[in-house]
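Student: I'd like to go through this one with you and ask how each label gets earned.
Tutor: Sure, let's put it up and take the labels one at a time.

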Amino acid sequence: GTGVFSGTGIIDDVAGTFDPSQADIGVNTITYIFMTDDPVPCIGNQTIQIEILETPTAEFEPSMDTVCITEAVTLTYQGTTGINSSDYTVTDGQTFSTSEPIITFTQTGVQTISLTVIKDGCESTVYTDEVFVQPELEPISVDCSVQDIDNVEFGWNPVAGATGYSVVVTNADGSVDPAFITTDLTYGQGS
């Protein structure tokens, strides 16, 4: 006798090889038909159902893409709903299993965050995103080098990584003059 398999996902109808990637998400019905011709023709069949689960999608959005090392970043989960578990890893060595962790980084530079989720035994592909972590700025030291009746000349140590400086002048009576902001200056430049 001879037998033949049929149904969505069957890639070899004689051997009955089933490929989940060729099947539909959900329930797939597979049928096996067997025929004999000796001595009297006879036909029999059997069906089974194979359920294919959808592969979950892992995705998240960091609340900021550039932070100071002392700032926290919240990861907002945006992947498949109803997951059973989540696994975040950070290049600085931290791991988190909550779906929306709050991270304070331990190292500066580009930190890659990876996420894998599992739903109903199916594991997602790895999703990654990056956050640039800047070091804390050094403390500034202001020096009033020239003090006169009608002017004060002051300066400060150059601070590595600073992109600008904000100066607020407080008068003797406690009032505050408008802030003076200078940006993109080389140390010692300006008047």
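**Labels and what backs them**

Student: What makes C42 partly exposed?
Tutor: The relative accessible area of C42 is 44%. Buried means under 20% and exposed means over 50%, so at 44% C42 counts as partly exposed. Bear in mind that this is a predicted model.

Student: And why is C68 called partly exposed?
Tutor: C68 has a relative accessibility of 21%. The buried class needs a value under 20%, so C68 at 21% goes into the partly exposed class.

Student: How many disulfides does a search of the whole structure find?
Tutor: It finds 0 disulfides. To be listed, a pair of cysteine sulfur atoms would have to lie within 2.5 Å. A disulfide is a covalent bond between the sulfur atoms of two cysteines.

Student: Let's move to V67. Why is V67 called buried?
Tutor: Its relative accessible area is 1%. Buried means under 20%, so V67 qualifies. V67 lies in strand β7, residues 66-68.

Student: Which residues does V67 touch, leaving out those up to four places away in sequence?
Tutor: V67 touches V73, F105, V131, F132, V133 and Q134. A touch here requires heavy atoms within 4.5 Å. By contrast, V67 and E51 are 16 residues apart in sequence, yet their C-alpha atoms are 45 Å apart in space.

Student: Is T116 buried or exposed?
Tutor: Buried: T116 comes out at 15% relative accessibility, and the class takes values under 20%. T116 is found in strand β12, residues 109-119. Setting aside residues up to four places away in sequence, T116 touches A58, S85, S86, D87, E123, S124 and V126.

Student: What about I69, where is its place?
Tutor: I69 sits in the loop between β7 and β8. Its C-alpha atom is separated by 7.2 Å from that of Q107, which is 38 residues apart along the chain. Beyond its neighbours within four places in sequence, I69 is in contact with T104, F105, T106, Q107, T108, V133, Q134, P135 and E136.

Student: Now the sheets. What is the strand order in the open sheet with β8, and what is the pairing?
Tutor: The order is β6-β8-β11, 3 strands with antiparallel pairing.

Student: Why do β6 and β11 stand at the edges?
Tutor: Because β6 (60-62) and β11 (102-104) each have a single partner strand, one side of each is left without a neighbour in the sheet. On average, neighbouring strands of this sheet are turned by 25° against each other, direction ignored.

Student: How do you know that β6 and β8 pair?
Tutor: Pairing takes at least two bridges, and β6 and β8 (residues 72-77) have 3 bridges in the antiparallel sense, so they pass. Looking at partners, F60 stands opposite Y77 in β8, and E61 stands opposite T76 in β8.

Student: What joins β8 to β11?
Tutor: Again 3 bridges, with the strands running antiparallel. One example is T74, whose bridge partner in β11 is I102.

Student: Which side chains of β8 point to the buried face?
Tutor: V73, L75 and Y77 point to one face and are buried. A72, T74 and T76 point to the other face and are not buried.

Student: What is the order of the open sheet that includes β1?
Tutor: It is β1-β4-β5, with antiparallel pairing of the 3 strands. β1 (2-6) and β5 (42-52) stand at the edges, each with a single partner strand, so each has one side without a neighbour in the sheet. The twist averages 15° from one strand to the next.

Student: What makes β4 and β5 a pair?
Tutor: They share 11 bridges in the antiparallel sense, and at least two are needed, so β4 (residues 26-36) and β5 count as paired. Within that pair, V27 stands opposite E51 in β5.

Student: Last one: how does the radius of gyration of the protein compare with that of a compact globule?
Tutor: A compact globule of 191 residues would be near 16 Å, but the protein has 33 Å. The C-alpha trace spans about 125 × 30 × 25 Å along its principal axes. Buried residues make up 22% of the 191, and the secondary structure comes to 0 helices and 18 strands.

Key
Residues are numbered from 1 along each chain as its sequence is written. This is a predicted model: local features need pLDDT of at least 70, side-chain atom pairs count only at pLDDT 80 or more; totals for chains, interfaces and linings use all residues. Side-chain values use heavy atoms; hydrogens and water are left out. Helices (H or I, at least four residues) and strands (E, at least two) are DSSP runs, numbered from the N terminus. The radius of gyration is taken over C-alpha atoms; the globule rule is 2.2 Å times the number of residues to the power 0.38. Buried means under 20% relative accessible area, exposed over 50%, partly exposed in between (1.4 Å probe, protein chains only). Axes are lines fitted to C-alpha atoms, for helices over the stretch in contact, and angles run from 0 to 180 degrees between N-to-C directions.
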